Amino acid sequence: ARQGVAPVFSIGALLVVLTLIALAVERAPNGEWQLLASADMSHILPFRWPRVLAALGAGLLLGAAGFLLQRLTGNEMASPEILGVSSGATFAMAVALFVSGVPSLATVTASAALGAALVLGLILFLSRRSGFQPERMLLAGIALSALLDAVIGVLSAAGDPRALQLLSWLTGAGFAAEPVSTLVSLALAALGIIAALCLVRWLDIFQLGAVTAQELGVPLGLARVLLLALVAGTTAVATPLVGPLTFVGFIAPNLVRLLGLRHSGTALLSSALAGAAILVTADWVA
């Protein structure tokens, strides 16, 4: 665990540097790079900092969600979109858009949470007979994700003007970057990571296999449900911020794994910070 502290601080320091760059470094009208002038800060930063911190908060959430799902399933290829939760959240957001016309951010967030919860409930219902085995849950999630993605595709191609906003969400361009929502997402990211850190003992034991974990006293059914609920909740909060860009939940834990981190606590924190660094950098470059 001590060996993993240095990478956590290193990734955290890198994230701070990248965030400052995203806030202060820009392209001039002639195409040259420049620092944001002090005279322009009062005009530019109110538009820029919510978007940057929204990307940071979503990256924290998705990096943590991806790590939890990979450790729970024992599958390094697992990511939040495979579970179908992000598709459920996106579908609910699309329904809210077409029903209410111009939904508020609170309506979008509530719809995303409801859609994610419904998909998670359906996955748990379909997997209950198998004792919530990860393989069954992933297969159910893939099937539901394919179905919902097909419906979302039909809605986005319907020719309705509101489909343009839906396409913006689907491409990750529709950042819901408002100061209040950004700060709330950061607070929820902190709560989600703290909740995940409370379960690191289970995550470490899961590496030994289901049989060994059960013999060591881990309540497999309860542990799987709690971890899946945490993955669904963090993904649902991140989706309204950056759209269905949950692939970062696959990338960040695998990058951290290359650093040799094995302890769940340090690997979880590193994955969350790496996810935030990826999204902040991607949005700045874009």
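Threonine 109 sits in helix 5, residues 105-127 (helices are DSSP runs of H or I with at least four residues, numbered from the N terminus). This is a predicted model, where local features need pLDDT of at least 70 and side-chain atom pairs count only at pLDDT 80 or more, while totals for chains, interfaces and linings use all residues. Residues are numbered from 1 along each chain as its sequence is written, and side-chain values use heavy atoms, with hydrogens and water left out.

Threonine 109 and alanine 238 are 129 residues apart in sequence, yet 9.2 Å separates their C-alpha atoms. For tryptophan 169 and histidine 43, 126 residues apart along the chain, the C-alpha separation is 26 Å.

How open are a few of these residues? Here, buried means under 20% relative accessible area, exposed over 50%, and partly exposed in between (1.4 Å probe, protein chains only).

| Residue | Helix | Relative accessible area |
|---|---|---|
| Threonine 109 | helix 5 (residues 105-127) | 33%, partly exposed |
| Tryptophan 169 | helix 7 (residues 162-170) | 8%, buried |
| Valine 180 | helix 8 (residues 179-197) | 61%, exposed |

Valine 180 also joins Val184, Leu188 and Leu191 in a nonpolar surface patch of about 360 Å². Patch residues have over 30% relative accessible area and no salt bridge, with nonpolar side chains joined within 5 Å and like charges within 9 Å. A salt bridge here is a side-chain nitrogen of Lys or Arg within 4 Å of a carboxyl oxygen of Asp or Glu. Areas come from the Shrake-Rupley method with a 1.4 Å probe.

Then there's helix 11, residues 220-242: its 23 residues reach 33 Å from first C-alpha to last, close to the 33 Å expected at 1.5 Å a residue (1.5 Å times one less than the number of residues). Glycine 243 follows helix 11, with a positive phi near 80°.

Key: Helices (H or I, at least four residues) and strands (E, at least two) are DSSP runs, numbered from the N terminus.
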